[in-house]
Amino acid sequence: MSEETGQDPQRASGGFDINDIDDVEYLGRWYEDVSKVHTRDAGTIGILGGRSADTGPYRITRAKKAARLNEILRIASHYDVLHGLTPQTLRSLLEELGPTFVKAGQILSMRSEILPQSFCDELTKLRTNVEPMDRDLVLSTLRAEYDTPIEEIFDAIDDVPLGSASVAQVHKARLVTGETVAIKVQRPHVQEIMAQDISIMRSLAKHSAAVMGDEQVLDLQSVVDELWQSFREETDFLVEARSLEEFRRNNADCRYVDCPKPYPRLCTEHVVVMDYVEGIPIDNTRALTAAGYDLSEIGQKLVDNYTSQMLDDGFFHADPHPGNLVIHDGKIVYLDLGIMGRLSSHDRKALTDMVSAVAMHDAVGLKNGLLRFSVSEPELVDHPGLLADLDAILDEYGEADLSDLDIGAFLNALISMARKNGIELPGTVTMLARSLVTLEGVVDEFLPGTSMIEIVRAHIKAHTDPVELSKKQLKQLARESVSATHGLLDAASQASTAMNMLTRGQLRMNLGLDGYQDPIGDMSRAADRLTMGIIIAGLFIGSSVVYYARIKPVVFGIPVIGFFGYMLALVLGLWVVRQVVRERRHRK
């Protein structure tokens, strides 16, 4: 189903009666040991950079952190990370380090602007299934979550999990009221373990620059921040329960999209109970065709609905990979809503404008939408350079078909270009980019030769009612008119105040000129030099008059008064030249 729900092919199915199970103490280990791959190929990298958020609430002690750091350093030493890593050894290293680092690798696999493409391709192979928790540990975890005895809640729970991953595992079960459900159970203490690892990542990032050369240190700040946000959402199962309810409300009118129904009274921070949905995996095209489904229709509806999630609802599934999508009873069912993305109305409008601009090959429109997405001040942006970069991106990607368009490369090129031009994009953009890359991989087999951008643009056009659009534009015009009127009245009031201050002699002016830090001081120095020049010229002319008058006594054939006049003019002239030269050097 996802990282949390992938099927384990090594276990045979079976079941047990809940009343036959006694409480047991904590047992089982949570990390999966993997074989260490040492194959060397072209290209190596060094690790880690970035920062993470505060992890104080998760009871991280110095002793635990030191022990875990020692384990990480031992594993890293085994892979000789200071001398670089190949794609294969990086993947093996992350797998051996545990679930937090596996999750970081999964995020990095979608970030080709940070890692070379060969590394991204290798990290997509990271294993997500781990050794399942023992059934007794699952039951003891459930008992700890409920005040009511679990025998009064569940009639039976399958012995074999539907899937097992680093954070949780899922079991099929039956409630005492008869409903068939899926129970997602979080592994004990996984929050503390992952928070501790992220804290260590922050520490490693802080000191990495002192150990490795700048060219070998990866700037993973955004990755660690995204990892922290993902961790907080994934380990609070009440967030997922609320997401299931919200997603169902948003898609209540859509006849071909659904998700499992949660049971809120049975959901806790570490347990989610939801309807069990058994369908055909969306990537099993043979089974879908045999069941009479039209693959092209599935692909079209999937993209159209996902567009609606992004642009209409602003609440989208952030991990739409094949394991999280099944076809059941004629509906596309989204599973595992542990990570969801949100877009504000402002961001949705900016994204809509950007999609339309890409479809219409409009660099100016794409630039405007990108700047509206920016969370940084765009005043210092080089607009001609930005437009040139956008033209280059549109020339390469703007008209490609889905079979040829590398959406990941396009989005990463856009993000990298924005970063190069000093445009800071919100973290949601990275999440959305990764989601679209995943979705492109899903629908590629359903819609060969079809432009995904055109499907999105068609959705925008079809869902823009001219009457509603006119109403929105009239409302916006009314708001802008009111704002402009207030602005004019305020300007008139300010002008009246300024005139009163001017007539009373109370008006002062602050002068600012581009390129001059102290314009008044510069003008003062220029006036001083002009005055000095006049004095020098006067001394020179006066001394010349005295010379021709032959006034005695004389020195070197020059009247003494004229001689000292010439000398003073020379000294003052050299001083002025020296000051000018020094100031020019200082400005440079």
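These are my notebook entries on a predicted model, covering its salt bridges, a helix, some strands and a surface patch.

**Entry 1: salt bridges**

I began with the charged pairs and got a count of 14 salt bridges. I then went through a few of them one by one.

I looked up Arg 68 and found its side chain in a salt bridge with that of Asp 197, at 2.7 Å from N to O. Arg 68 sits in helix H1 (residues 62-78) and Asp 197 in helix H6 (residues 190-211), so this pair links distant parts of the chain, 129 residues apart. Are the two residues buried or exposed? I found both Arg 68 and Asp 197 buried.

Next I turned to Asp 336, which forms a salt bridge with Lys 184; their closest N and O atoms are 3.1 Å apart. Here too the pair links distant parts of the chain, 152 residues apart. I placed Asp 336 in the loop between strand S11 (331-334) and strand S12 (340-342), and Lys 184 in strand S5 (residues 180-186). Both Asp 336 and Lys 184 are buried.

My third pair was Glu 246 and Arg 342, whose side chains meet in a salt bridge at 2.6 Å, N to O. Glu 246 belongs to helix H8 (residues 237-250) and Arg 342 to strand S12, so the bridge ties together parts that are 96 residues apart in sequence. I checked how covered each partner is. Glu 246 counts as buried because its relative accessibility is 17%, under the 20% cut-off. Arg 342 has a relative accessible area of 49% and is therefore partly exposed.

Before leaving the topic, I noted that salt bridges with shared partners join Arg 68, Glu 71 and Asp 197 into one network.

**Entry 2: helix H3 and Thr 352**

How many of the residues of helix H3 are buried? I got 10 of the 10 for residues 99-108, so the helix is largely enclosed by the rest of the structure. The buried residues of H3 include Lys 103 and Gln 106, along with Phe 101, Val 102, Ile 107 and Leu 108. Pro 99 and Gly 105 are also among them.

I then moved to Thr 352, in helix H11 (residues 345-359). Its relative accessible area is 17%, so I put Thr 352 down as buried. Which residues does Thr 352 touch, leaving out those up to four places away in sequence? I found Leu 311 and Ile 460.

**Entry 3: strands S8, S10 and S11**

I followed strand S10 (residues 325-328) to its partners. Strand S8 (residues 280-281) pairs with S10 in the antiparallel sense, over 2 bridges. In that pairing, Ile 280 has Ile 327 of S10 as its bridge partner.

S10 also runs antiparallel to S11, and 4 bridges join them. I met Ile 327 again here, with Ile 332 as its bridge partner in S11. S10 and S11 make a hairpin with 2 residues between them. In the turn I noted Asp 329, which has a positive phi of about 55°.

**Entry 4: a nonpolar patch**

Last, I looked at the surface. Phe 540, Ile 541 and Val 545 form a nonpolar patch there, and together they have about 320 Å² of accessible area. I located Phe 540 in helix H18 (residues 519-549). Why does Phe 540 count as partly exposed? Its relative accessibility is 48%, which falls between the cut-offs of 20% for buried and 50% for exposed.

Methods:
Residues numbered from 1 in each chain as written. Predicted model: local features only at pLDDT ≥ 70, side-chain atom pairs only at ≥ 80, totals over all residues. Heavy atoms only, no water. Patch = residues over 30% accessible without salt bridge, like charges linked within 9 Å, V, L, I, M, F, W, Y side chains within 5 Å. Areas by Shrake-Rupley, 256 points an atom, 1.4 Å probe, with all protein chains shown as cover. Salt bridge = Lys/Arg side-chain N within 4 Å of Asp/Glu carboxyl O. Buried < 20%, exposed > 50% of the residue type's maximum accessible area, 1.4 Å probe, protein only. Contact = heavy atoms within 4.5 Å. Pairing = 2+ DSSP bridges.
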